[in-house]
Amino acid sequence: MKHTGYLLVVFSLLLGVQDAFSQFEPAPVTRSAVTETIDGKLYYVHTIEPGQTLFSIARAYQVTPRAIAEANPETPDLIEVVRSGQTIRIPADSSTPAASPVADSAKAPSDQRLGAQPRVVRATMEFTEFVEHEVGRRETLYGIARKYGVSQEDILQYNPEARTGLRFRQVIRIPQKTSRPVEFFYYTVGAGDTKFGLSKQFGISQEELEWLNPGIKELGLIAGHQIRIPAESIEEKSVIPTPEQGLFFLPGDTIPQQAHFVDEYCLDPELKSRYHVALLIPLFLDQFEGYSPTLPADHISFTFIHYYQGILIALDSVQKLGHNITLHVQDIGMDVEKVSNLTRQQGFEDMDLIIGPFYPEALKEVTSFALRHDIPVVSPLLDNSSQLQGFPNLFQVSPSMETQLSSLAGYLARAYPDENIILVHNDQQQARDLISGFRDALRIEFNDMRRLEDSLSLARVDGYYFNGAMVGRRRTNVLVVNDSLFLQQRTRRRHSQITPHEFKEIVFNDGGIDALTKVFEKEKKNIVITLIGGEAFLSNYLRQLDEFTGDYDITLFGTPQWSDYQTIDPQYLENLNVHIFSPDFVEYHDQHVRDFVYRYRQQFNTEPSVDAFRGVNTGYFFFNALATYGKQFPRCIENLNGKSFQNPFLFEKLQTENDGWENLKFILYRHREFRRENVLRPYQEETEENLDD
């Protein structure tokens with residue numbers, strides 16, 4: 001190409017990344033001092049922290065990942081999914097073979113089997129308790145730490161406000177380590193479980209639950225986790241009736257969760273010494289008309305340059321961890337003929353991973369080729385899930401609008417089950433399918449939230465429904481309970497009438513602000529979901545709504561486009577408690593993000609855009625997938641999926657095994673104190689507070 005000289009100038013900075021990106025360093029593993037003896041065998045009790053993997057934990061305890069999996073038969077998906085906050089057992093002596101998960105399944109903690117008695121575990125555990133200390137005159141942090149026999153950093157960890165200095169009569173918490181014998185059994189957290197609900201179910205306080213399971217205080221409950229329940233609560237649990245007692249059913253999570261299939265490949269994957277990755281990215285090098293040391297900032301060649309820079313930082317990070325990955329960059333845009341020529345080049349069929357192309361026409365051509373050669377392909381920015389149909393090797397990083405709206409409906413049903421829900425739109429022709437789908441999702445989700453008050457007679461049905469039964473349009477677990485128990489529940493609810501939730505719908509073009517405010521209610525929160533874009537519209541819309549904030553409690557939900565508007569008065573966003581769902585959210589107060597921004601500035605002398613974060617997240621996830629599980633990493637996607645807030649990906653098959661994988665990670669942020677705040681972090685705690693109310 002005649003402009004090769006310019007290419008070297010443009011990308012000279014991009015090839016010199018020196019330091020690893022600290023966000024992706026594996027978290028250190030500290031061996032636990034807590035042990036327990038089960039069936040005469042000694043085990044360490046380890047609580048998984050964010051960033052730890054099954055492999056790093058196994059390395060720290062000098063055992064194999066398989067030995068840990070076999071020591072935790074009640075967690076059949078441990079090989080696939082390692083969740084922060086989860087407590088697992090680790091054999092203290094790796095030479096003693098652990099029980100087989102198949103042969104020993106009857107001995108697994110059975111707290112969720114119908115009518116079965118849970119197995120009680122006796123162990124000595126270490127806990128952190130706190131002593132309140134009132135700061136005296138001229139008292140120093142050093143003196144207080146010495147008085148209580150703890151480090152200064154331990155005190156600052158639980159009293160971050162003390163980092164700016166101590167104040168006279170300030171009350172601070174001093175952590176104190178203590179050990180005590182406890183008896184408990186294991187319970188598998190089900191979808192929809194809350195600390196409030198479990199405390200009522202087992203007759204214990206939420207504080208006691210958090211005391212036995214320190215990880216849930218910060219991370220909340222996550223479906224599939226094993227948590228400890230005090231043994232004394234067994235006697236207080238209701239006895240599950242037999243099928244002969246005149247039965248109704250209520251959804252519940254006492255049915256054992258269906259075990260995930262563990263692919264043996266993931267236990268011993270086929271790895272290579274070096275992997276080859278093709279990055280098919282539009283650099284538009286053919287748009288240069290001559291050599292120039294500089295280009296205008298809006299030149300087409302800079303369209304995806306930030307994404308490319310993010311990929312480079314991710315690549316360097318993985319290489320610093322000791323993994324050999326070679327990146328092959330190709331300037332590919334929308335030209336299908338150019339793509340066809342590339343696929344015919346010798347050696348392209350030997351790629352282990354392809355990232356791109358960025359345009360749908362070229363992507364389909366590449367994905368078809370890659371499917372024939374068993375090569376995983378990543379669609380970096382396209383958000384149309386129809387591209388996944390028939391391509392099981394394709395990963396869609398950006399969730400579709402349909403997926404985001406469906407997730408929003410689920411959030412609204414759980415966060416505001418009894419509030420005044422109002423859907424606002426303009427019946428736009430191009431958005432009718434989206435609006436209709438969201439309308440249906442709202443109805444389904446809100447009706448599902450009424451399931452604890454619904455009843456269906458199963459008197460003529462044999463036994464029980466089991467995990468995965470279809471009830472209406474949803475797949476669920478159901479538990480048969482005694483008719484008298486159901487009647488008692490209705491009595492406690494003062495015979496409240498059970499009716500499906502009805503939301504209101506406003507076509508704004510037809511009635512304007514008057515039609516909207518007429519359906520507001522003073523005794524409830526007014527949750528207004530507005531599926532309308534346009535900066536001029538939004539500015540006027542917010543101004544009109546703001547006039548009613550003194551009379552009504554209003555929370556406004558908007559579309560991803562709202563985040564791009566620059567002329568919106570931030571005071572309106574604050575007053576109306578504006579929430580926006582988005583496929584991208586950068587938490588700049590997070591230390592890892594700040595480290596990346598600093599590194600990016602140092603390397604490229606500019607600020608990272610959203611595309612830079614997309615590039616580094618995508619690059620690291622898939623580079624790490626290759627390094628960990630080889631070219632067949634899609635077989636182990638559950639191991640890689642992110643259950644924590646930090647991991648931006650949660651991949652699931654679109655519909656069938658013949659379809660590709662879509663990222664279902666849902667981001668929702670609100671404007672609070674003139675900054676953007678991730679709503680989903682405190683969501684679990686807020687839900688429990690609402691239940692308490």
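This report walks through the chain as a whole and then through three local features of its predicted model.

## The chain at a glance

Let's start with the overall picture. The chain has 693 residues, and 49% of them count as buried. Its secondary structure comprises 21 helices and 25 strands.

How much of the contact network links residues far apart in sequence? Among contacts with a separation of 6 or more, 72% are between residues 24 or more positions apart. On the outside, the chain exposes about 34,500 Å², with carbon and sulfur atoms supplying 48% of that area.

## Helix α15 and its buried face

Helix α15 spans residues 508-517, and its buried residues are F508, G512, I513, L516 and T517. Viewed down the axis of α15, these buried residues fall within an arc of 120 degrees, so they line one face of the helix. The spacing has a simple background: an α-helix has 3.6 residues a turn, so residues three or four places apart point the same way.

What covers this buried set in α15? The cover includes three strands, β13 (420-425), β18 (504-507) and β19 (525-530), together with helix α16 (535-546).

## H306 and its neighbours

If you would like a single residue to click on, try H306, which is found in helix α9 (residues 305-320). Leaving aside residues up to four places away in sequence, H306 touches Y600, T606, E607, P608, S609, D611 and A612.

One of these neighbours deserves a second look. The side chains of H306 and S609 are joined by a polar contact of 3.3 Å.

## Strand β24 and its two partners

Strand β24 covers residues 667-672, and five of its six residues are buried, so the strand is largely enclosed by the rest of the structure. Which strands pair with β24? One is β21 (residues 579-582), which pairs with β24 in the antiparallel sense over four bridges. In this pairing, F581 stands opposite L668 of β24.

Another partner is β25 (residues 675-678), and here too the pairing with β24 is antiparallel, with four bridges. H671 stands opposite R676 in β25. β24 and β25 form a hairpin with two residues between the strands, and in this hairpin E673 takes a positive phi near 50 degrees. To find this spot on screen, follow β24 to its end at residue 672, then look for E673 in the hairpin.

Definitions and conventions. Residues numbered from 1 in each chain as written. Predicted model: local features only at pLDDT ≥ 70, side-chain atom pairs only at ≥ 80, totals over all residues. Heavy atoms only, no water. Buried < 20%, exposed > 50% of the residue type's maximum accessible area, 1.4 Å probe, protein only. Arc of directions from axis to C-beta. Contact = heavy atoms within 4.5 Å. Areas by Shrake-Rupley, 256 points an atom, 1.4 Å probe, with all protein chains shown as cover. Polar contact = N/O pair within 3.5 Å; in protein donor to acceptor, adjacent residues only side chain to side chain. Pairing = 2+ DSSP bridges.
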